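Student: I'd like to learn how to read a structure feature by feature. Could you walk me through one?

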Amino acid sequence: MAVSVAELPAAVVGDGDRHPAGLGALGHRDAQGQHSRLVAGLAAARARGRTGGRKPKMTPALINKAQRMYDSKQFTMAEIASSCGVTPMTVYRNIRTDPATRPTAATAATPQGEAL
C-alpha cells in the first residue's frame, strides 16, 4: 500500500513550518540552531575586531613597490616577485599591467573618491 507524504502525520517545528514527523523534523530544528549559533558567533567576533579570512600576501606598500618596478621596465616579473617574497602570479593579481588602466601622475596623487 503506497502512502503519500501528505497523508503522513506532521510535526510543527520551532519556526512554525510543518514537516513530516520523524528525523527530518529533528534535523531541520538542529540545522536552524546551528545557523543561529554561527551567526551569533560571527557577530561577536566582528565586535572584537576580527573579520576572518586569509590575510593578503602583499601589503599596499609591497603592491606599490611592485608596480613601480613593473613600470620602470627594468625588472622581469620573476625578479619583482622574488624581491616581494611572493610568486609571479601573486604579483600579476595585484598590479595593473594594462597601460590604459594605470593611474596617471595627477590621479595617483589624488585620494580616491575626490575630484581633481
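Student: Leaving aside residues up to four places away in sequence, which residues does V91 touch?

Tutor: Happy to start there, and keep in mind that this is a predicted model. V91 touches M58, A66, M77, I80, A81 and V86, with residues up to four places away in sequence not counted.

Student: Which nonpolar core includes V91, and how many residues does that core have?

Tutor: V91 belongs to the largest nonpolar core, which has 11 residues. Its other members are M58, L62, A66, M69, M77, I80, A81, C84, V86 and I95. Next, look at who contributes: α2 and α3 are the elements that give two or more residues to this core. The largest share, four residues, comes from α3.

Student: Before we go on, what is the overall layout of the protein?

Tutor: Along the sequence the pattern is β-β-α-α-α-α-α, that is, five helices and two strands. Of the 116 residues in the protein, 16% are buried. As for contacts with a separation of 6 or more, 27% of them join residues 24 or more positions apart. The accessible surface is about 9,200 Å², and carbon and sulfur atoms account for 58% of that.

Student: How do I read a helix such as α2, and which of its residues are buried?

Tutor: Begin with its length, then sort its residues by burial. Helix α2 covers residues 60-72 and reaches 18 Å from its first C-alpha to its last, close to the 18 Å expected. Its buried residues are L62, A66, Q67 and M69. Viewed down the axis of α2, these buried residues fall within an arc of 165 degrees, so they line one face of the helix. On the face turned away from that buried side you will find the exposed residues P60, A61 and R68.

Student: What do the buried residues of α2 pack against?

Tutor: They pack against α3 (77-84) and α4 (88-94).

Student: And in α3, which residues are buried?

Tutor: In α3 they are M77, I80, A81 and C84. These cover an arc of only 95 degrees around the axis, which puts them on the same side of α3. The buried residues of α3 pack against α2 and α4.

Student: What is the phi of K73, and where does K73 sit?

Tutor: First, the general idea: most residues other than glycine have a negative phi. K73 is not a glycine, yet has a positive phi of about 60 degrees. You will find K73 in the loop between α2 and α3, just after α2. With a relative accessibility of 73%, K73 counts as exposed. For another positive phi, look just past α3: there G85 has a value near 75 degrees.

Student: One last residue, please: is T90 buried or exposed?

Tutor: For this call the cut-off matters: buried means under 20% relative accessible area. T90 has 13%, so T90 is buried. This residue lies in helix α4.

Student: Which side chain makes a polar contact with the side chain of T90?

Tutor: That partner is T87, whose side chain makes the polar contact at 3.0 Å. Setting aside residues up to four places away in sequence, T90 touches K57 and M58. You have met M58 before: V91 touches M58 too, and M58 is one of the residues of the largest nonpolar core.

Key:
Residues numbered from 1 in each chain as written. Predicted model: local features only at pLDDT ≥ 70, side-chain atom pairs only at ≥ 80, totals over all residues. Heavy atoms only, no water. Expected span 1.5 Å × (residues − 1). Buried < 20%, exposed > 50% of the residue type's maximum accessible area, 1.4 Å probe, protein only. Arc of directions from axis to C-beta. Contact = heavy atoms within 4.5 Å. Areas by Shrake-Rupley, 256 points an atom, 1.4 Å probe, with all protein chains shown as cover. Polar contact = N/O pair within 3.5 Å; in protein donor to acceptor, adjacent residues only side chain to side chain. Core = buried A, V, L, I, M, F, W, Y, C linked by side-chain atoms within 4.5 Å.
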